[in-house]
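Student: Can we go through the cysteines and the charged pairs in this one? Let's start with the cysteines.
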Amino acid sequence: MNRFRICVCYVITTLLISIFVYSLISNNIQNARELKRLREEMDEIAHLVLHNSVSGHRDTSNHLSELVDTMIKKRLSGIWEDLFNLKKSLKIKQDAKGMESPEDVENSAMAAIVERVNFASDELGAKILSISAEPICPTSFLKSCLGMEFSCNPPINMLRSTMKPGNCFGFRNTGSAEVTVQLSHEILLDQILLEHIPRHQSPTGDTTSAPKDFEIIAIYGDLHEFSLGKYRFHNDPKRTSQYFTVLTSDRVGILKFRFQTNHGHPSYTCVYRIAVYGRL
């Protein structure tokens, strides 16, 4: 009985080793075929380059482009087919959508606005020029000298798309706070976005630190300030972002935001995100 078990174990072990060796050999053979095919294609490209350089043809780049395109299409034919099927399925879903409700139309309009270029984006080159506010974190003479008073909640957070709890521009409620922003380009304004985190993302469930009343001021080339209007952020729990129509007849590259009140927090105000839309 023991001999039978030993024989069975020996046969199974031999079989497993044989399968493993076979898989290694087959993979090596497949890799060798791929390398051979790649070497042939590289030789073909080299031959084409030499042929055109000797014959003095000026359309070498065109020949190379055609050859490379052929090789890519040959290698990625499956991917082309998958992309075509995906595009076709998306078109079918779009056609099957049919008539939209007024709410869907509004959501589509909002999505179209979100896809517009935000000229107050830090990623596009917008930056903070000046701040007039009292920071939340305790400051010191050294921080004041180094310009690090707002190291805990810097105003640059307003120009970034990350919306995480605490990642905002925060300041104490000791009066109005002013932030001057240089846009990435001079534009004709038509809309400004103000956004705050929803209540369920707040660690305490409290969003009363959201700004309420604020003013937008345009600063032109000669440092002439012109008020574009006073606005109110409603801090609606069902809609955390609010768009404001702000129109200018002249292009403006610098905006000043003057935040005056919040929604009831006794100590500080947090501004999470602003976005500026317009036309060049």
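Tutor: First a cut-off: buried means under 20% relative accessible area, and partly exposed lies between that and 50%. The model is predicted, so keep that in mind throughout.

Student: Fine. Is Cys270 buried or exposed?
Tutor: Cys270 has a relative accessible area of 7%, so it is buried.

Student: And what about Cys168, buried or exposed?
Tutor: Cys168 is buried too, with a relative accessible area of 1%.

Student: How many disulfides does the structure hold?
Tutor: Zero.

Student: Why no bond for Cys168?
Tutor: The closest cysteine sulfur to that of Cys168 belongs to Cys270, and it is 3.2 Å away, too far for a bond. The cut-off is 2.5 Å between the two sulfur atoms. Seen from the other side, Cys270 is in no disulfide, and its nearest cysteine sulfur is that of Cys168.

Student: New topic. How many salt bridges are there?
Tutor: The count comes to eight salt bridges.

Student: Which residue pairs with Asp122?
Tutor: Arg160, with N to O at 3.4 Å. The pair links distant parts of the chain, 38 residues apart. Asp122 sits in the loop between helix H4 (102-114) and strand S1 (127-132). Arg160 sits in the loop between helix H5 (141-146) and strand S2 (169-172).

Student: How accessible is Asp122, and how accessible is Arg160?
Tutor: Asp122 is partly exposed at 28% relative accessible area. Arg160 is partly exposed at 36%.

Student: What does Glu195 form a salt bridge with?
Tutor: Arg273, with the closest N and O atoms 3.0 Å apart. Glu195 lies in strand S3 (residues 177-195) and Arg273 in strand S9 (residues 273-279), so the salt bridge ties together parts 78 residues apart in sequence.

Student: Are those two buried or exposed?
Tutor: Glu195 is buried, with a relative accessible area of 17%. Arg273 counts as buried at 16%.

Student: And Glu225, which side chain does it meet?
Tutor: Lys256, in a salt bridge of 2.9 Å, N to O. Glu225 is in strand S5 (residues 225-232) and Lys256 in strand S7 (residues 252-259), so parts 31 residues apart in sequence are tied together.

Student: How accessible are they?
Tutor: Glu225 counts as partly exposed, at 40% relative accessibility. Lys256 is buried, at 10%.

Student: Which residues are joined into one network with that pair?
Tutor: Glu178, Glu215 and Arg258 are joined with Glu225 and Lys256, through salt bridges that share partners.

Definitions and conventions: Residues numbered from 1 in each chain as written. Predicted model: local features only at pLDDT ≥ 70, side-chain atom pairs only at ≥ 80, totals over all residues. Heavy atoms only, no water. Buried < 20%, exposed > 50% of the residue type's maximum accessible area, 1.4 Å probe, protein only. Salt bridge = Lys/Arg side-chain N within 4 Å of Asp/Glu carboxyl O. Helix = DSSP H or I, 4+ residues; strand = E, 2+ residues; numbered from the N terminus.
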